[in-house]
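Biologist: Could you pick one spot in this model and walk me through it up close? After that, just keep going into the other parts you think I should look at on screen.

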Amino acid sequence: MDHHKTPLFTALMQHVANDPLQFHIPGHKKGRGADPEFRAFVGDNTLSIDLINIVPLDDLHQPTGPIREAEQLAADAFGADHTLFSVQGTTGAIMTMIMSVCSPGDTIILPRNAHKSILSAVIFAGAIPVWVEPEKDERLGIEHGVTTESIRQAITRNPDVKAVLLINPTYYGTSIDLRQMVELVHSCNIPVLVDEAHGTLLHFHEQLPMSAMQAGADMAATSVHKLGGSMTQSSILNVKGDRVSIKRIRTVMSMLTTTSTSYLLLASLDTARRQLALHGQALTGQTIRLAQEARRQINEIPGLYCYGEEICEKRGVFRYDPTKLCIHLEQLNLTGYAAEQWLRETYKLEVELSDLTNILCLITLGDTEQEVNRLVQALRHLSDAFLGEGKWSKRVSAAVIPAASRFGLTPREAFYAPTEEAALEQACGRVISEFVYVYPPGIPILMPGQVITREIVDYIKRHVEASLPVKGPEDPDIQKVKVVAAPRQQEKAPGRRTGYIIPD
């Protein structure tokens, strides 16, 4: 296919050049009705293509024109049979994957370090999650991938499972042997869904882990906006094979998608695909070289450690993405969150995420040696300021997410059950009805239906005390959580199943 073409972006530019008189939304009418300061900042060109689904521009809900052609080009670029554009972010694509294969009561195998969007989709679908614990890295305090043995065991225990969802790569950039995993799951005639939010570039360079489509996965949700150059909130859903009906997938995606689709986001997907298809290998190669040089210099800074090829010796890691710089503050007297604040205040430098003992920095297609040098300079100053005795009396130790607790109700039952508030400290043994997670990365510590344990309460408290962004509960101070109401209140909801236990 001719990847120089941008069917949708070209159609938008032609539409603007024709300068039609508009009597349709959006009401700002090419920016003339917009706030003047905002218009001056974003520019008339941007506002001129902020349009709605009129006939010349096609309709994302049932594309037959330039959007359909743009999706076909994306499918060719990413090695898929079909590609669907998402203006609901990768969250929308992930929800589409799960709701395309799961009906109420169906089981789905999930890694414990699944993103909140995955677990929200489980609630919407009425599915029953079967946890598989990822391999934990005690030194770094992070989780890697799941093993083939653990997935095989989960399938054996749950032979009627409807799908297996895998995370590849993880937020921190480690990857499993995806092809081997896909072959295992497909041998049981079960579809494989991949959360590939952080793997847009995988398909475009041989030094990166294998992409989901290269490995033969059935569906993969890929955040082009994260690393591929499109605008925030624009993503794609790649589909391969016929284990899941593409008609069903399109129907579910349409149900979850706004009818006021953003042509700015869609055009950015069209043009990002062009850049990746034509120049992705060269641009990604340069990005990898920059990241590896940054890694080398960071590992020369006292008190810092940025893992490299040696991480592949760990269980749950087959390969890694070198463009993700996971910087472990193993000998500095501050938390990762405090390091993030210090870098912001001292160097006007923003990191991707922080946890108790790490900060994560991404080297992308938009970086040059200049940005890398500024990062390394800031990290050297950080080391000088906090190595040895200082503001903190003792070093911070890593904390891996506790093992998943059992379910007292299905997630959907718990989410819709009568609830009451309980103090977090006194909530052990109760069934929670809301999410608790640190964002980023957005991996729930608790999801509706789980039984709250002392280990989990202590883990939450430790993050709150370290000022990490713990989110989810209606109480922003995380002093109280919503739990399923006590049995006497439950009796007011006749017919409700209680005490349902998810299989281990």
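**A close look at β10, and onward**

Modeller: Let's start with a pair of residues: Ala220 sits across from Asn238 of β10. Before we go further, keep in mind that this is a predicted model. Ala220 belongs to strand β9, residues 219–222, which runs antiparallel to β10 and is joined to β10 by 4 bridges. β10 has another antiparallel partner in β1, residues 82–86, and here the two strands are linked by 5 bridges. For a landmark on that side, find Ser86, which stands opposite Ser235 in β10. If you want the background, strands in a sheet pair through backbone hydrogen bonds, and the pairing can be parallel or antiparallel.

Now turn to the side chains of β10 itself, which covers residues 235–239. How many of its residues are buried? The count is 5 of 5, so "mostly covered" is a fair label for β10. Look at which way they point: Ser235, Leu237 and Val239 go one way, while Ile236 and Asn238 go the other way, and all of them are buried. Asn238, the residue facing Ala220, is therefore among the buried ones, under 20% relative accessible area.

Step back along the chain and you meet Gln233, in the loop between α10 (224–227) and β10. Gln233 isn't a glycine, yet its phi is positive, at about 90 degrees. As a rule, most residues other than glycine have a negative phi. Is Gln233 buried, exposed or something in between? Its relative accessibility is 41%, so Gln233 counts as partly exposed. Ser467 makes a good companion to look at: its phi is positive too, near 65 degrees, and Ser467 is likewise a residue other than glycine. You'll find Ser467 in the loop between α16 (454–465) and β19 (470–471). With a relative accessibility of 43%, Ser467 counts as partly exposed. While we're on backbone angles, Lys348 comes after α13 and has a positive phi near 50 degrees.

That brings us to α13, residues 336–347, which packs on an open sheet and touches β14 and β15 there. The sheet has 4 strands in the order β11-β13-β15-β14, with antiparallel pairing. Which strands stand at the edges? They are β11 (305–306) and β14 (353–354); each has a single partner strand, so one side of each is left without a neighbour in the sheet. The partner of β14 is β15, residues 358–362, held by 2 bridges and running antiparallel. Within that pair, Ser354 stands opposite Ile359 in β15. The direction of α13 makes about 50 degrees with that of β15.

As for α13 on its own, its 12 residues reach 16 Å from the first C-alpha to the last, close to the 16 Å expected at 1.5 Å a residue. Its buried residues are Gly336, Ala338, Ala339, Glu340, Trp342 and Leu343, and they pack against β14, β15 and α14 (369–386).

Gly173 is worth a zoom as well. This glycine lies in the loop between β6 (163–167) and β7 (174–175), and Gly173 is buried, with a relative accessible area of 0%. What does Gly173 touch, leaving aside residues up to four places away in sequence? The contacts are Tyr307, Arg319, Tyr320, Asp321 and Lys324. Take Tyr320: it is 147 residues from Gly173 in sequence, but their C-alpha atoms are 5.6 Å apart in space.

For a helix pair, go to α1 (residues 7–18) and α12 (residues 263–298), whose axes are 7 Å apart and meet at an angle of about 130 degrees. That angle makes α1 oblique to α12. On the α1 side the contact uses Pro7, Leu8, Phe9 and Leu12, and these meet Tyr263, Leu266, Ala267, Asp270, Thr271 and Arg273 in α12. Sorted by type, the residues in this contact come to 7 nonpolar, 1 polar and 2 charged.

Last stop: the loop between β17 (436–438) and β18 (443–446), where you'll find Pro440. A cis peptide bond joins Tyr439 to Pro440, with omega about -15 degrees. The bond from Pro440 to Pro441 is cis as well, with omega near 15 degrees, and Pro441 lies in the loop between β17 and β18.

Terms used: Residues numbered from 1 in each chain as written. Predicted model: local features only at pLDDT ≥ 70, side-chain atom pairs only at ≥ 80, totals over all residues. Heavy atoms only, no water. Axes fitted to C-alpha atoms, helices over the stretch in contact; angles between N-to-C directions. Parallel < 35°, antiparallel > 145°, perpendicular 65-115°, else oblique. Contact = heavy atoms within 4.5 Å. Nonpolar A, V, L, I, M, F, W, Y, C, P; charged D, E, K, R; others polar. Pairing = 2+ DSSP bridges. Expected span 1.5 Å × (residues − 1). Buried < 20%, exposed > 50% of the residue type's maximum accessible area, 1.4 Å probe, protein only.
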